[in-house]
Amino acid sequence: HQAAGGSGTWEDPVTFAGAEKAVGPGTRVYVPFLKKYAVMEDQCEECEDDWKSGKWHMDIWMGPDQATQGPGLIACEDALSRSSAQVWVDPPQGLEVDSTPLFDGSCIVEAPPCTDVGTDCGNSCEIPEAESCSALADLFGLTTTRFHALNSDLDCSGTVPSGTSVCMGGTCGDMLMV
């Protein structure tokens, strides 16, 4: 894929992020409980940290194609997350597939609403380009105050350097917390 995506079929596997030491880029897997094929196309900071602790962690692309912040997506991620799940590495073709998007504004499964409390980070990323804190807050759909609360260790007096890990939202994806 040129960007994260996929429907979960053999021909169009869903993108997943993981630790490169666990599985290399381009590795195809099959996730039986989702009935989807996925391919390793991205790295995940938390996945790398978990791998160092002996735990295999993967994050499957949820969709949609544009950045979507908010409690609906996070609630869907929570509903689909498993502390342990069977995953087949280098699976055969022809396994049962459900090509329904995991999230397209609503979740593929019942996803109880999530209520954001406190300053625990729900999702972080490394920023590709230097930005001001206010520009990053706008990018993630947060108020500047909320961005500062989630990223209290950042020096926002100037530009945040590229490659810096920042929190994009609370445990429920935020939007605006007052």
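These legends accompany several close-up views of a predicted model.

**View 1. The whole chain shows four helices and nine strands.**
Let us start with the overall layout before zooming in. Read from the N terminus, the elements follow the order β-β-β-α-β-α-β-β-β-α-α-β-β. The protein has 178 residues, and 33% of them count as buried.

**View 2. An open sheet brings together five strands.**
Which order do the strands take across this sheet? Going from one side to the other, the order is S4-S1-S3-S2-S5, with mixed pairing. At the edges you will find strand S4 (59-60) and strand S5 (88-89), each of which pairs on one side only. As a reminder, strands of a sheet pair through backbone hydrogen bonds, either parallel or antiparallel.

**View 3. Strand S3 (residues 36-43) pairs with S1 in parallel and with S2 in the antiparallel sense.**
Strand S1 (residues 14-18) is joined to S3 by five bridges. To find your way along this pair, look for Ala-17, which stands opposite Asp-42 in S3. Strand S2 (residues 28-31) meets S3 over four bridges. Here a handy landmark is Tyr-30, whose bridge partner in S3 is Tyr-37.

**View 4. The hairpin of S2 and S3 has four residues between its strands.**
Lys-35 is the residue to look for in this view, in the loop between S2 and S3. What is the phi of Lys-35? The angle is near 55°, a positive value in a residue other than glycine. For background, most residues other than glycine have a negative phi. Lys-35 is partly exposed, because its relative accessibility of 33% falls between the cut-offs of 20% for buried and 50% for exposed.

**View 5. Asp-90 sits in the loop between S5 and S6.**
Asp-90 is not a glycine, yet has a positive phi of about 55°. Is Asp-90 buried or exposed? With a relative accessible area of 59%, Asp-90 is over the 50% cut-off and therefore counts as exposed.

**View 6. Lys-21 lies in the loop between S1 and S2.**
This lysine is exposed, because its relative accessible area of 71% is over 50%. Try finding Glu-48 from here: Lys-21 and Glu-48 are 27 residues apart in sequence, and their C-alpha atoms are 8.0 Å apart in space.

**View 7. Five acidic residues form a negative surface patch.**
The members to pick out are Glu-45, Glu-46, Asp-49, Asp-59 and Glu-126. Which element gives the patch its largest share? That is helix H1 (residues 45-52), with three residues. Another member, Glu-126, belongs to strand S6 (residues 121-126).

**View 8. Gly-170 is found in strand S9 (residues 165-170).**
After the exposed residues, here is a contrasting one. Gly-170 counts as buried, because its relative accessible area of 1% is under the 20% cut-off. How far is Gly-170 from Ala-149, C-alpha to C-alpha? The separation is 9.8 Å, for two residues that are 21 residues apart along the chain.

Note on methods
Residues are numbered from 1 along each chain as its sequence is written. This is a predicted model: local features need pLDDT of at least 70, side-chain atom pairs count only at pLDDT 80 or more; totals for chains, interfaces and linings use all residues. Side-chain values use heavy atoms; hydrogens and water are left out. Helices (H or I, at least four residues) and strands (E, at least two) are DSSP runs, numbered from the N terminus. Buried means under 20% relative accessible area, exposed over 50%, partly exposed in between (1.4 Å probe, protein chains only). Patches are made of residues with over 30% relative accessible area and no salt bridge: like charges are joined within 9 Å, nonpolar side chains (Val, Leu, Ile, Met, Phe, Trp, Tyr) within 5 Å. Accessible areas come from the Shrake-Rupley method with a 1.4 Å probe; for residues, only the protein chains shown count as cover. A salt bridge is a side-chain nitrogen of Lys or Arg within 4 Å of a carboxyl oxygen of Asp or Glu. Lys and Arg count as positive and Asp and Glu as negative; His and the chain ends are not counted. The place of a charge is taken as NZ of Lys, CZ of Arg, CG of Asp or CD of Glu. Two strands pair if DSSP finds at least two bridges between them.
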